[in-house]
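Biologist: I am new to this, and I would like to learn how the words we use for a protein follow from its atoms. Could you take me through it step by step?

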Amino acid sequence: MAFKSQVTALLSFLFISLFPVLSICDAQVEGEGILNAEIGRLNNQSLLWGPYRPNLYFGVRPRIPKSITTGLLWSKVDNYVDVQNSFRYTCEQNEGMAGYGWDEYDTRKGGVQHIHDAGNKIDITTEFVKIPGGGHGGSWAARIRGEPRDDAPSDLKTTVLFYVASEALGDTVELVNNGDQNGFEGDVTFMGKSQSLGDFKLVITKGEGEHPGSNHPISDKRELDKTTVQSLILPEEHLWQAKQILFQQLKAGVDEIIQDFGAENAPPPWQVYQLPNKPGTGNLHFVQKVFEGAFEFDILFSSGSAGKDVESADLTREIKSTTEAFNERFADVFAPQAPFKADKYRKFGRSMLSNLAGGIGYFYGKHVVDRSYAPEYDEENEGFWEETAEARARRQEQLEGPYELFSSIPSRPFFPRGFLWDEGFHLLPIADWDIDLTLEIVKSWYNLMDEDGWIAREQILGDEARSKVPPEFQVQYPHYANPPTLYLVLEAFTERLQKTNGSQRVGKEHLALDAVLESAHVDNPSLGIEYLRNLYPLLRRQFLWFKKTQFGDIKSYDREAYSTKEAYRWRGRSVQHILTSGLDDYPRPQPPHPGELHVDLMSWMGMMARSLAKIADFVGLPEDVQEYNTAFDGISHNLVDLHWSESAGCFCDATIDEFEEHTLVCHKGYISLFPFLLGLLEPNDPHLGKLLDLLGDEEELFSPHGIRSLSKKSEFYGTDENYWRSPVWININYLAIVQLRNYVLNPGPYSEKAKDLYVKLRKNIIETVYDSWEETGFAWEQYNPETGKGQRTQHFTGWTSLVVKIMAMDDLSWWTGGNHVRDEL
């Protein structure tokens, strides 16, 4: 509410003090400029801090390069052997978790995360809130609670560490006092000074909980009821390796014990693994507590510019307020519709949305790029995949950057970095919740664009991100594309803006007094239009880059087509994969050929042209609108001329046969549906009926758990890696559900068929994802089409979270036409 009050006050000031002294036109332009700047400032303040280290179970940092970073670690310490494998820090698969994630989370306010650590027999709760005030993103606070699980011993021993690191040269974080020789009986307080954050105070409270005892002589030096601090000075590039650094310090402590007492007379493990108290100057400070049973303590960060220190009572109040606000807003934005109105689906939906938003992170660093522009990378010769492999083997990549990215990641344990084609799907639910946050993330991606129009499809920024990626997958290539899913978000935003703005164009709307940050760019169309105007040159550059680098060859093979310009081929192909398409191992023509044409890429280009035409029209560029409409017209015709197989009844990839003739290669599955999935077919298009027949055929694509990625009748079904060769993927099923709904609501000869498929598919997808979540505690990367079980990557709360939007869609089983329902994308 504080930010809403600030915005409202600003707007009131603009109207009262600015408008009387200016002409109406000048006042409007001036007022909109001031509002745009102020909304940008308030957005930066509101979004500055967060748990923006989603690769960690809990780690807070600001959206600032080389700043303050924090992290949480814990382990049971009831024996000497298991500690090394029991410490939790980075999210990992198969680490003995019975589920973890945010049960409620709003990026601007905070939320509550539960971590069910079965391996350590403890449930950890992290409650995080932001408290606005001051000029450096305000203050924040977190409450860390531990509760032994039902199978835990009554005297469960747990050690918990929180650290704060300072990455920037010249910034300081210093203890207010050093406690006594063995530690701190009460709170631990740091004072900091940062060029980007100003002065601040960080308090780790004494908290509540029992502490284990020990009669060992070392108790004179290591008192278990005290909090200990170790301060270290390390190179900035090592600070992200907190767990390894901690192990080094623990080992040093163990070596000291063995030297003083011998291995046969060691203290109990909970004392062996207590850090000696060594506070002082440093850019990394570990704060450690050892508990027996349940525990709780607070972390209180107070910005010096706020004028008031955060206290535990503030944290308690804000947690309650944040929870109430989140639940109320979720019910308003994403209320599940029939047949998913039961409380269990609301809980499920809140968790899915919260973990999607809780996966938003801030990343900074250099990435690895091969800009050799080797001629082999043009992929013009037969056998090109062997030539490109040789070019890659020359290892001409170099580090570039540093760059920064604000992004929602696919999976905290396995894919904790930005993925270009995933991001558009991630942002569709986030846009319903907070369009201004969505636009911040979109802008962050386009800030990465090079002068040619290329954005690396995978953002592996910095050493910490690279530590999760095998070296052979780290290199990015400037001729590699990726599905441009951000246009799905921008097209939906433009349509929302158009409805808000009515028939008016730039400069015709006045400023709204009830603007709030979550929707300021829609509530005040002038802000939205200015955003699109600023972004548009980058969008156009990207579109032209696609046309230049991913073109398909029509003329060399005398192909007959409506347009000689609109045909496309993914670069980056190998025999078994087109990783750049996003559909990795999906069957393609064999052997690869430079004359191939890919129907999915053609469809993406059609969607881009359609979206850009709307955006160009909205920002007043009629010549560009005509250019995009011409491209879209050519793509619409060429999809049929170059890719439609009447005998197969679907769209297919094309290649060149041994007679140098154009031929279609039809592997029925997701590829076959792309013109439908991206809304390129009119409701009365005769091709639509055949695609719906294919989609609904249980012997081909339709399963009780969603649309299969490849037909059951395919010789490649379930073979080799079986990544996109049978499993159900939620992002593609979401696109299908959206389009089925559109064809229900827009009268045509296939409306009834679309309705039947929509009702069944929506129900199948929700029940599949929910049942697996209920059973395992996780959302999954993909789902088995035969059993519905989640598989591959766990805690895949990226595009699998689209189920939140699917649940909120209308139940159209009753639909007979003529009724109004809300729009969807």
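**From values to words**

Modeller: Let us start with Lys443, which is partly exposed at 36% relative accessibility. Please keep in mind that this is a predicted model.

Biologist: Why is Lys443 called partly exposed?

Modeller: Buried needs a value under 20% and exposed needs one over 50%. Lys443 has 36%, so it counts as partly exposed. Its partner Glu440 has 11%, so Glu440 counts as buried.

Biologist: You said partner. What makes Lys443 and Glu440 a salt bridge?

Modeller: The rule asks for a side-chain nitrogen of Lys or Arg within 4 Å of a carboxyl oxygen of Asp or Glu. In Lys443 and Glu440 the closest N and O atoms are 3.3 Å apart, so the pair fits the rule. Both residues belong to helix H10 (residues 435-446) and are 3 residues apart, about one turn of the helix.

Biologist: And why can such side chains pair at all?

Modeller: Side chains can pair when they have opposite charge and their charged atoms come close. The structure holds 60 salt bridges.

Biologist: What makes Glu236 and Lys66 a pair that ties together parts far along the sequence?

Modeller: Their side chains meet in a salt bridge of 3.0 Å, N to O. Glu236 sits in the loop between strand E13 (228-232) and helix H4 (242-261), and Lys66 in the loop between strand E2 (61-62) and strand E3 (68-76), so the bridge ties together parts that are 170 residues apart in sequence. Glu236, with 30% relative accessibility, is partly exposed, and so is Lys66, with 37%.

Biologist: How do you know that Glu296 and Arg143 form a salt bridge?

Modeller: Their N to O distance is 3.8 Å, and the limit is 4 Å, so the pair qualifies. This pair also links distant parts of the chain: Glu296 is in strand E14 (residues 284-303) and Arg143 in strand E7 (residues 139-148), 153 residues apart. Arg143 is buried at 10% relative accessible area, while Glu296 is partly exposed at 23%.

Biologist: Let us turn to H4. How do you know that the span of H4 agrees with what is expected?

Modeller: H4 has 20 residues, which at 1.5 Å a residue should span 28 Å, and its end C-alpha atoms are 28 Å apart, so the two agree.

Biologist: What makes you say that the buried residues of H4 line one face?

Modeller: Among the buried residues of H4 are Ala242, Leu246, Leu250 and Ile257. Seen down the helix axis, the buried residues of H4 fall within an arc of 165 degrees, so they line one face. On the other side, Gln248, Lys251 and Gln259 are exposed. The buried residues pack against several elements, including E3, E13 and E14. Just after H4 comes Gly262, with a positive phi of about 85 degrees.

Biologist: One last residue: why is Asp117 called buried?

Modeller: Asp117 has 0% relative accessibility, and buried means under 20%, so the word applies. You will find Asp117 in strand E5 (residues 110-117).

Biologist: What makes the pairing of Asp117 and Trp74 a polar contact?

Modeller: The contact between their side chains is 2.9 Å, and the limit is 3.5 Å for a pair of N or O atoms, one able to donate a hydrogen and the other to accept it, so the name fits. The side chains of Asp117 and Arg88 are joined by another polar contact, of 3.1 Å. Asp117 also touches other residues, including Gly96, Met97 and Ile122.

How values were computed. Residues are numbered from 1 along each chain as its sequence is written. This is a predicted model: local features need pLDDT of at least 70, side-chain atom pairs count only at pLDDT 80 or more; totals for chains, interfaces and linings use all residues. Side-chain values use heavy atoms; hydrogens and water are left out. Helices (H or I, at least four residues) and strands (E, at least two) are DSSP runs, numbered from the N terminus. Buried means under 20% relative accessible area, exposed over 50%, partly exposed in between (1.4 Å probe, protein chains only). The expected span of a helix is 1.5 Å times one less than its number of residues. The arc is that of the directions from the helix axis to the C-beta atoms. Contact means heavy atoms within 4.5 Å. Lists of a residue's contacts leave out its neighbours within four places in sequence.
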